[in-house]
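Colleague: I am new to reading protein models and would love to know where the labels come from. Could we go through a few of them together?

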Amino acid sequence: TTVEGQYRNQDETIELALNLNLDPRKPGQALRGSVSLPHGTGKSVRVVVFTNDAELAAAAVAQGGSDVVAGGDEVISDLASGAIPLNFDRALATPDMMSSLPPIARLLGPRGLMPNAKVGTIAPPAQLLDVLKSQQTGSEVQYRTDRNGIVHAGIGKGSFAKDDLADNLSAFLNAIQDAKPDNFGKGKKKGGPGKGKSAASNKNAKFYLKANMCSTQGKGVAVDLRTVDPTSTFFMGEIEE
């Protein structure tokens, strides 16, 4: 899918929304992770790096340029006071810094910036610069289920070639399939059909409930579920009506 038309005033992000048969309130059904897209997201990413190693912090800034702020306790203090604006897309940290972050957890958490091993944003010093490069080039896209079991992700830009968007989409969908829990299902209302049992008790329960794609300024387009399910023979294919 590409953005059609000659009158777009920006290189729009192509976004995917997957409604999954998940209830994040239940154990094991709150999916969260990151995926390395083969052609990146096309987005410029600002990163804050938390490390008390002065040499490593300097190397991170030298590598990332003006889009990177790096440091330890001083950076944490400046973020807490507002001296450094919290206008970052990603936050990385070495493991030893995690115990120093609680003072700004209320700032980082709601923005999805708290470093987390599940999404690869906590890295040992020897790997930090490689992780920074991966994050800053936009090859990594993070995902998590919202309270309704929906996952949103930008899989590229409107300027991308169709094959590049298709490669990115395929990589993302395969990652979601790999993260599929053994037991899943949205809870049903008490007293309704199934008497409160979830769809997980049904071996034929569907994991993918609905899929839509859109561009930043465009309308959502429903996608045939057979083409987004990696276990389907129609995966990433075109289905004639």
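Modeller: Happily! Let us begin with a word you will meet often: a residue is buried when its relative accessible area is under 20%, and exposed when that area is over 50%. Keep in mind that this is a predicted model. In the protein chain, 41% of the 241 residues count as buried.

Colleague: Why is Asp23 called buried?

Modeller: Its relative accessibility is 5%. The cut-off for buried is under 20%, so Asp23 gets that label.

Colleague: And what makes Arg25 exposed?

Modeller: Arg25 has a relative accessible area of 72%. Exposed means over 50%, so the word fits Arg25.

Colleague: Why do we say that Asp23 and Arg25 meet in a salt bridge?

Modeller: A salt bridge needs a side-chain nitrogen of Lys or Arg within 4 Å of a carboxyl oxygen of Asp or Glu. For Asp23 and Arg25 the N to O distance is 2.8 Å, so the pair qualifies. The structure holds 4 salt bridges.

Colleague: What makes the pair Arg46 and Asp67 a salt bridge?

Modeller: Their N to O distance is 3.8 Å, and the limit is within 4 Å, so Arg46 and Asp67 count. This pair links distant parts of the chain, 21 residues apart: Arg46 is in the loop between β2 and β3, and Asp67 is in the loop between α1 and β4.

Colleague: Are Arg46 and Asp67 buried or exposed, or something in between?

Modeller: Arg46 has a relative accessible area of 23%, and Asp67 has 23% too. Partly exposed covers what lies between the buried and exposed cut-offs, so both residues are partly exposed.

Colleague: Now Glu140: how do you know that it has no salt bridge?

Modeller: The nearest side chain of opposite charge, Arg90, is 7.3 Å away from Glu140. A salt bridge needs a distance within 4 Å, so Glu140 has none, although it is buried.

Colleague: What does the side chain of Glu140 make with the side chain of Ser34, and why is it called that?

Modeller: The two side chains make a polar contact at 3.4 Å. The limit for such a pair of N or O atoms is within 3.5 Å, so the distance fits. Glu140 itself lies in strand β6, residues 140-144.

Colleague: One last label: why is Val61 called partly exposed?

Modeller: Val61 has a relative accessible area of 33%. That value falls between the cut-offs for buried and exposed, so Val61 is partly exposed. You can find Val61 in helix α1, residues 54-64.

Technical notes: Residues numbered from 1 in each chain as written. Predicted model: local features only at pLDDT ≥ 70, side-chain atom pairs only at ≥ 80, totals over all residues. Heavy atoms only, no water. Helix = DSSP H or I, 4+ residues; strand = E, 2+ residues; numbered from the N terminus. Buried < 20%, exposed > 50% of the residue type's maximum accessible area, 1.4 Å probe, protein only. Lys, Arg positive; Asp, Glu negative; His and termini not counted. Polar contact = N/O pair within 3.5 Å; in protein donor to acceptor, adjacent residues only side chain to side chain.
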